[in-house]
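The exercises below ask you to read helices, strands and their contacts from a molecular model, and each is followed by a solution that proceeds step by step. Please try each task with the structure open before you read on.

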Amino acid sequence: MSNVLAKVLSRQVLLAFRRPAAVLNPLVFVGVVVLMMPLGLGPERDVLGEFSPGLMWITALLASLLSVETLFRGDYDDGTLEQLVTSGHSLYFASMGYLLSHWCVAGIPLILCSGLFASMLSMPTEGIAPLMASLFAGTLVLSAFGTLGASITVALRRGGMLLSLLLLPLEVPVLILGAGVVDRAIGGMPIADLLSVMMGLAMLALALAPIAIAASIRISLEV
Amino acid sequence: MSNLPLIRCYEASIHRGDRCLIADLDWSVNAGELWQVTGDNGTGKTSLLRVLAGLAPNGLVGQCERDGVALYLGHRNGVKADFSPRENLSLNLGSHARFSSKEMDRALEIVGLGHYLDEPAYRLSAGQQRRIGLARLFLPSPRLWILDEPLTAIDVSGVSLIEACVNDQIQRGGAVIFTSHQPLASGTLQRLHLSAGRGVVQRV
Amino acid sequence: MAWTWFHRLGSPPWIYGFSGRLLRFLLPLTLMLLVVGSVWGLAFTPPDFRQGNSYRIIYIHVPVSVVSLAGYYVMAIAGAVSLIWRMKVADIAMRVAAPIGAGLTFLALVTGSIWGKPTWGTWWVWDARITSMVVLLFLYLGVYALYEAYDNKALASKACAILALVGTVNIPIIYKSVDWWYSLHQPASIKFTGGTTIDPSMLYPLLLMIVAVYALYVCLILLGLRAALLESESKTKWVQQEVMEQ
């Protein structure tokens with residue numbers, strides 16, 4: 001059962017460390033975007049600080065979108081997915097493994113570095129811990145949608161643009177809630193209720209998304 | 001061991017997209033049988049094998065039942081270039097079973113990769129990479145094997161190796177279905193020839 | 001009993017014949033409702049004491065908005081039916097519903113924007129409802145684009161059904177979060193007129209128009225369904241007979 005979850009997860013994480021670019025690319029992307037912000041908006045600390053929650057969350061969302069596109073690419077091209085489906089493994093738990101692997105490889109490093117990036121955007125210090133907490137739950141949801149989108153488009157020749165059209169509307173609530181948590185924290189308002197809503201959504205996504213991902217993998221293999 | 005056929009097709013039609021490749025196939029594969037599926041390019045060999053392996057449920061109209069799980073090796077056999085042969089086997093997603101490291105090392109030695117156990121696969125040749133995939137055949141496996149072009153990029157010694165292990169599998173009471181443009185030397189080889197949208201059983 | 005009815009729904013020739021008979025009286029009825037509703041709404045209702053005559057666009061805007069949201073659920077339910085029972089008709093209905101729904105959503109946005117100019121003084125406002133409608137439009141477009149991207153149309157429908165179902169689970173969350181977002185950022189100068197009471201003399205034509213647009217939606221789906229059925233079943237005997245008779 002969850003044997004396959006552990007197997008997929010360890011396989012993907014090991015693969016990511018063999019190709020460190022997979023881990024570093026999203027971080028470098030976020031770094032470059034953070035650099036662009038003061039260049040576009042101006043260096044005033046007040047302006048940047050006011051927009052920083054939204055900017056951080058939009059950047060995280062785009063980073064997740066970019067990194068998820070290749071999640072199934074290699075395993076689709078080299079036949080690993082075929083092996084997985086014919087093996088009789090539970091595709092539900094395998095899908096959950098892929099989801100968690102994307103979160104480990106792309107989500108967790110981003111959460112860890114988000115404090116640094118946020119302070120570069122002169123986010124007030126009381127916002128930084130809430131930012132990390134909201135990213136913790138939010139990136140899990142982003143990985144769930146992302147894994148679903150990647151599995152449904154992996155067999156298509158031009159999946160890239162389509163992927164953003166499919167994912168961004170679904171990810172609207174995460175952006176709103178995530179940026180809202182940080183905004184409220186900076187304004188000195190309580191955030192426990194919002195964070196628990198986000199955590200609830202993350203758990204819901206973690207439980208339900210693998211059903212859709214498993215079905216999508218089967219469809220993609222048949223194309 | 002049950003006497004049920006491992007594969008039983010009854011009035012099965014195999015489709016790919018809107019096209020019907022094989023119509024009304026009546027065919028069964030029993031334990032101890034070795035089947036070669038032949039036919040020109042585009043007659044549906046791979047599509048048939050994918051349906052049998054359960055990869056293309058929508059491509060099937062009619063009945064086709066499989067008894068249990070099958071070991072399926074396709075054109076692309078899931079070998080990761082970034083992994084060593086050892087890791088490729090231990091992190092293989094194609095099998096339920098957990099293999100002991102002894103079993104895996106032995107299988108890799110049989111296919112001639114004994115000296116490259118921990119070498120990243122991208123340093124190996126195309127033929128050697130295929131051999132990593134074929135090492136699966138020397139590990140504990142299900143009764144039914146479905147092999148799509150197992151002999152591609154394999155040298156003469158490799159072919160005789162595969163012949164030997166296929167014959168072993170048949171002796172053990174398993175069954176093997178494969179596609180290839182060259183026959184495997186075996187006393188029991190039977191042929192399913194695909195042409196003009198039909199599958200015709202030929203005794204060899 | 002109930003199941004024979006259900007099986008009939010799955011049979012393309014039966015659905016084709018039935019929808020033809022249904023459309024024969026539904027089309028004129030829809031046309032009548034649309035004409036009566038719009039003439040009543042546009043010409044015979046009193047002007048609003050604050051918005052004057054510009055409010056009359058609600059007789060198009062509100063029905064279209066209501067139906068475009070309902071249309072997403074229609075699409076998702078059709079998708080679920082086609083996934084569970086492998087029903088070809090449901091499959092086709094889902095794929096027809098995507099562009100129609102996208103068109104209605106777009107119309108809702110355009111009429112909303114036209115209404116916004118005299119009311120708020122600007123073509124576009126990031127109001128909660130408008131924002132939700134934009135998200136809905138992209139959800140529709142995603143389903144449509146995914147369908148177009150697959151070469152194998154049987155698989156395309158399955159993929160779209162999955163996406164539509166995921167979208168359905170999400171729509172309440174999206175609407176809720178957008179509402180919350182708007183309440184957080186609501187600028188004081190703009191106040192939506194919702195919540196104020198509406199006079200019966202304005203309400204009845206509105207209800208009539210909602211019914212009319214629902215009927216129009218059903219007609220469009222049926223027309224699209226019939227065309228798509230003929231196309232996908234073009235090799236079968238019943239379609240060839242149908243064409244011969246024409």
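Contact here means that heavy atoms lie within 4.5 Å of each other. The model is a predicted one.

**Exercise 1. Describe how helix 4 of chain C packs against helix 7 of chain C.**

Step 1. Begin with the geometry: helix 4, residues 88-120 of chain C, and helix 7, residues 200-232 of chain C, have axes 9 Å apart and pack at an angle of about 130 degrees.

Step 2. Next, put a word to that angle, for which the cut-offs are needed: over 145 degrees counts as roughly antiparallel and 65 to 115 as roughly perpendicular, while oblique is used for the rest, apart from angles under 35. Helix 4 of chain C and helix 7 of chain C are therefore oblique to each other, and their crossing is right-handed.

Step 3. Now look for the residues that meet: on helix 4 of chain C they include I92(C), V96(C), I100(C) and L104(C), and on helix 7 of chain C they include Y217(C), I221(C), G224(C) and L225(C). Sorted by class, this contact of helix 4 with helix 7 of chain C holds 13 nonpolar, 2 polar and 2 charged residues.

**Exercise 2. Helix 9 of chain A packs with helix 10 of chain A and with helix 3 of chain A; work out the direction, the handedness and the residues of each contact.**

Step 1. Take the pair of helix 9 (residues 172-186) and helix 10 (residues 192-222) of chain A, whose axes come within 10 Å and cross at roughly 155 degrees. These two helices of chain A are therefore roughly antiparallel to each other, and their crossing is left-handed.

Step 2. In this contact, helix 9 of chain A contributes V174(A), L177(A), G178(A), G180(A), V181(A) and R184(A), while helix 10 of chain A contributes D193(A), L194(A), L195(A), V197(A), M198(A) and L201(A). The residues of the contact between helix 9 and helix 10 of chain A divide into 8 nonpolar, 2 polar and 2 charged.

Step 3. Turn to helix 3 (residues 45-68) of chain A, which packs with helix 9 of chain A at an angle of about 150 degrees, the axes being 9 Å apart. Helix 3 and helix 9 of chain A are therefore roughly antiparallel to each other, and helix 3 of chain A passes helix 9 of chain A in a right-handed crossing.

Step 4. Here P53(A), G54(A), W57(A), I58(A) and L61(A) of helix 3 of chain A make the contact with residues of helix 9 of chain A, among them V174(A), G178(A), V182(A) and I186(A). By class, the contact of helix 3 with helix 9 of chain A has 9 nonpolar, 2 polar and 1 charged.

**Exercise 3. Reconstruct the open sheet of 3 strands in chain B, strand by strand.**

Step 1. Write down the order of the strands, which is 2-1-4 with antiparallel pairing in chain B. Strand 2 (19-29) and strand 4 (60-66) of chain B are the edge strands, each pairing on one side only, and the twist averages 25 degrees from one strand to the next.

Step 2. Count the bridges of strand 1 (residues 7-16) of chain B: it is joined to strand 4 of chain B by 6 bridges, and it pairs with strand 2 of chain B over 7 bridges.

Step 3. Follow I14(B), which stands opposite L60(B) in strand 4 of chain B and has I22(B) as its bridge partner in strand 2 of chain B. A further position to locate is I7(B), opposite R66(B) in strand 4 of chain B.

Step 4. Examine the hairpin of strand 1 and strand 2 of chain B, which has 2 residues between the strands and in which G17(B) takes a positive phi near 65 degrees.

**Exercise 4. How many helices and strands does each of chain A and chain B have?**

Step 1. Chain A has 10 helices and 0 strands. The radius of gyration of chain A is 18 Å, close to the 17 Å that the globule rule gives for 223 residues, so chain A is as compact as a globular protein of that length.

Step 2. Chain B has 5 helices and 9 strands. For chain B, the radius of gyration is 17 Å, close to the 17 Å given by the globule rule for 204 residues, so chain B is as compact as a globular protein of that length.

Conventions: Residues numbered from 1 in each chain as written. Chains lettered and ligands numbered in written order. Predicted model: local features only at pLDDT ≥ 70, side-chain atom pairs only at ≥ 80, totals over all residues. Heavy atoms only, no water. Axes fitted to C-alpha atoms, helices over the stretch in contact; angles between N-to-C directions. Helix = DSSP H or I, 4+ residues; strand = E, 2+ residues; numbered from the N terminus. Left-handed = near helix turned anticlockwise from the far one by under 90°. Nonpolar A, V, L, I, M, F, W, Y, C, P; charged D, E, K, R; others polar. Pairing = 2+ DSSP bridges. Rg over C-alpha atoms; globule rule 2.2 N^0.38 Å.
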